[in-house]
Amino acid sequence: MQAYSRAVKKTAVFLAIFSFSGLFPGYARAVAVVEIFASQSACDVSSKFQDFKTATASSSEVIAPPEKSASSSETREGKEDPALAARKTLTLQILECARRDVGRLLSAVGDIPLAGASAKDLQINILTRLERAGEKITRIEKRIEETETVETAKEIARDIADWRKNEYLALVENAGVFVVWGNGEILLDKAESRILQVRQTLKSLKLHDAIEVQRAFEQAKTHSLRAEENHLKAKQGIERFGKSDDVLKYVNASLDDLRNLYASLLRLSEVVAQAVK
């Protein structure tokens with residue numbers, strides 16, 4: 001996910017620059033969302049996952065106290081079997097880790113102020129998937145808390161491992177990519193509005209036929225079209241739950257084009273200023 005981290009930081013930098021410059025007011029909230037998400041690493045269960053494999057192992061692979069049965073939920077003193085307790089504690093820790101990720105992503109995805117109907121539909125789709133993941137975590141937590149045998153605890157652990165591999169990881173990565181893409185959507189909308197404003201200004205000043213001005217404007221428009229094209233490809237990748245690195249390739253390309261676009265707009269402002277002297 002190194003590509004993801006780079007894209008998140010790049011978006012945060014762009015938002016911070018535009019907010020600080022005063023060119024596009026109202027970005028403070030968007031900046032905060034992206035910077036917070038960029039600074040918080042995703043819940044990493046890799047340090048626990050080796051232990052988690054133990055929780056899914058067969059009875060013969062688990063070391064249990066010799067004087068106690070690994071298949072019984074209670075010891076001779078009437079207390080819960082330490083082997084079962086350890087499995088339940090470890091499993092609940094992993095579920096809590098996943099819950100934190102889902103909660104953070106729900107906030108990050110939901111707080112993006114998208115305007116376009118298509119983008120909002122995609123946002124709602126991802127939020128719905130995240131909410132369902134949270135509900136599933138709650139159901140599994142209840143199931144593991146009520147577990148009375150080691151075998152059932154192992155079965156639940158295996159179910160979690162399968163869910164994590166086949167659904168959860170893809171959802172988390174997809175939602176994370178959407179956070180970057182969604183904030184890029186805001187930047188792109190603002191850029192396109194800016195181009196329309198510039199076009200109207202050039203017409204009112206009767207500069208749209210000036211060679212240098214036209215050349216600078218066309219350069220900005222070219223970067224805008226490229227950014228829009230890559231942005232659309234990234235959206236299509238998110239919609240089909242494509243591999244995050246493949247989608248981020250287009251996200252990063254779009255952000256690079258946006259950077260060049262705003263540089264071109266600044267250059268255009270300088271050319272216009274010279275032309276009206």
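**A tour of the helices and their core**

Start by selecting helix H4, residues 82–110. At 1.5 Å a residue, its 29 residues should span 42 Å, and the C-alpha atoms at its ends lie 41 Å apart, so the expected and modelled lengths agree. Keep in mind that this is a predicted model.

Next, go to the N-terminal end of H4 and select Asp 81, which caps it. Show the side chain: one of its oxygens is 3.1 Å from the backbone nitrogen of Ala 83.

Now zoom out to the whole protein chain. Which elements does it have? Eight helices and zero strands, so coloring by element from the N terminus on gives α-α-α-α-α-α-α-α. Of the 277 residues in the chain, 41% are buried. The chain exposes about 15100 Å², with carbon and sulfur atoms supplying 51% of that area.

For the interior, select Phe 178, Val 251 and Leu 258. In the largest nonpolar core, which has 58 residues, these three touch the most other members. To see where the core comes from, color H4, H5 (117–145), H6 (150–204), H7 (211–239) and H8 (244–275); each supplies at least two of its residues. H6 gives the largest share, 21 residues.

Stay on Leu 258 and display its surroundings. What does Leu 258 contact beyond its neighbours within four places in sequence? Gly 184, Leu 187, Leu 188, Ala 191 and Ala 227.

Finally, turn on contacts for the whole protein chain. Among those between residues at least 6 apart in sequence, 78% join residues at least 24 apart.

Methods
Residues are numbered from 1 along each chain as its sequence is written. This is a predicted model: local features need pLDDT of at least 70, side-chain atom pairs count only at pLDDT 80 or more; totals for chains, interfaces and linings use all residues. Side-chain values use heavy atoms; hydrogens and water are left out. A nonpolar core is a set of buried Ala, Val, Leu, Ile, Met, Phe, Trp, Tyr and Cys residues joined through side-chain atoms within 4.5 Å. Buried means under 20% relative accessible area, exposed over 50%, partly exposed in between (1.4 Å probe, protein chains only). Helices (H or I, at least four residues) and strands (E, at least two) are DSSP runs, numbered from the N terminus. Contact means heavy atoms within 4.5 Å. The expected span of a helix is 1.5 Å times one less than its number of residues. A polar contact is a pair of N or O atoms within 3.5 Å; within protein, one must be able to donate a hydrogen and the other to accept it, and residues adjacent in sequence count only if both atoms are side-chain atoms. Accessible areas come from the Shrake-Rupley method with a 1.4 Å probe; for residues, only the protein chains shown count as cover.
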